[in-house]
Amino acid sequence: MKVHNVEMVISAVRPNQYPEDGFPEFALAGRSNVGKSSFINKMIGRKSLARISSKPGKTQTLNFYKIEEQLFFVDVPGYGYAKVSKTEREAWGKMIEMYFTDREPLKAVVQIVDLRHAPSADDCMMYDFLKHFDIPVIIIATKADKVKKAQWPKQKKLVKTTLDMVPSDPLIVFSSETGMGFDEAWAEIESRM
Ligand code: GDP
């Protein structure tokens, strides 16, 4: 999809603030610093739209981006940031659990991991949580430009086996630097709208 129109509609903390347009929603999840904002910005063709609001330590909100009057990207605050207090972590957990488990327009969660490394314990916890609730997941293994192409199959396998991915969930090698995986990621999203 070539995106011309993006509107940041709301930073929500409660279900009664979620938009009511009924457009399909794709939530973006990943640990802090994995490259989630870069992924979003690449996908929507912007330089910095998704950056400010999702920095660690900022208010923890679900940010709804309306795209082409057709779908929403829902930016979920990054997980696994060490300096977040227990209270904040619990508030984060409650908020995303409410959203992930009881949101009819949610079609899939796009979970971002780093192609260079085995997924972290937090990555595995997030994936298990989503699978527990039968939510389709699209795994994006980003920063592919930092891995030699010959190593991609090995790294993909590492991601798949560490997360214990179900075969119906796709894994897409991506780079926000080169645009690698852009078409494939959009095709996956559009096929689920
Ligand atoms: P977030 O905290 O998950 O939103 O992560 P950011 O998108 O802010 O990215 C964290 C850092 O990784 C930044 O320095 C980005 O420039 C860098 N980064 C993100 N994606 C890529 C990528 O595909 N390739 C490379 N080489 N660097 C990336």
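In this predicted model, the shell of residues around the ligand draws its largest share, three residues, from helix H1. Altogether, 17 residues surround the ligand, and the closest of them are Gly-35, Lys-36, Ser-37, Ser-38 and Ser-176. Sorted by class, this shell holds 11 polar residues, five charged residues and one nonpolar residue.

Helix H1 is a good place to begin a tour of the fold. Spanning residues 36–44, H1 lies across S1, strand S2 (25–30), strand S3 (62–67), strand S4 (71–75), strand S5 (106–114) and S6, and it runs at about 145° to S2. Several residues of H1 are buried, namely Lys-36, Ser-37, Phe-39, Ile-40, Lys-42 and Met-43. Two of these names, Lys-36 and Ser-37, will be familiar from the list of residues closest to the ligand. The cover over the buried residues of H1 includes S2, S4, S5 and S6, together with helix H5 (182–190). Just past the end of H1 comes Gly-45, whose phi is positive, at about 65°.

The strands beneath this helix deserve a look of their own. In general, the strands of a sheet pair through backbone hydrogen bonds, in either a parallel or an antiparallel manner. Here, seven strands make up an open sheet with mixed pairing, and their order is S1-S3-S4-S2-S5-S6-S7. Its edges are formed by strand S1 (6–12) and strand S7 (171–173), each of which pairs on one side only. On average, and with direction ignored, neighbouring strands of the sheet are turned by 25° against each other.

At the S7 edge, strand S6 (residues 137–142) and S7 run parallel and are joined by three bridges. One residue pair to look for is Ala-141 with its bridge partner Val-173 in S7. Helix H4 (residues 152–163) also packs on the sheet, where it touches S5, S6 and S7, and its direction makes about 145° with that of S7.

Finally, what does the loop between helix H3 (121–132) and S6 contain? Pro-136 is found there. Pro-136 counts as partly exposed because it has 18 C-beta neighbours inside 10 Å, whereas a buried residue would need 20 or more. Setting aside neighbours within four places in sequence, Pro-136 is in contact with Ala-108, Asp-169 and Arg-192. Pro-136 and Val-6 lie 130 residues apart along the chain, and their C-alpha atoms are separated by 24 Å.

Methods:
Residues numbered from 1 in each chain as written. Predicted model: local features only at pLDDT ≥ 70, side-chain atom pairs only at ≥ 80, totals over all residues. Pairing = 2+ DSSP bridges. Helix = DSSP H or I, 4+ residues; strand = E, 2+ residues; numbered from the N terminus. Axes fitted to C-alpha atoms, helices over the stretch in contact; angles between N-to-C directions. Contact = placed C-beta atoms within 7 Å. Buried ≥ 20, exposed ≤ 12 C-beta atoms within 10 Å, placed from the backbone. Near = placed C-beta within 6 Å. Nonpolar A, V, L, I, M, F, W, Y, C, P; charged D, E, K, R; others polar.
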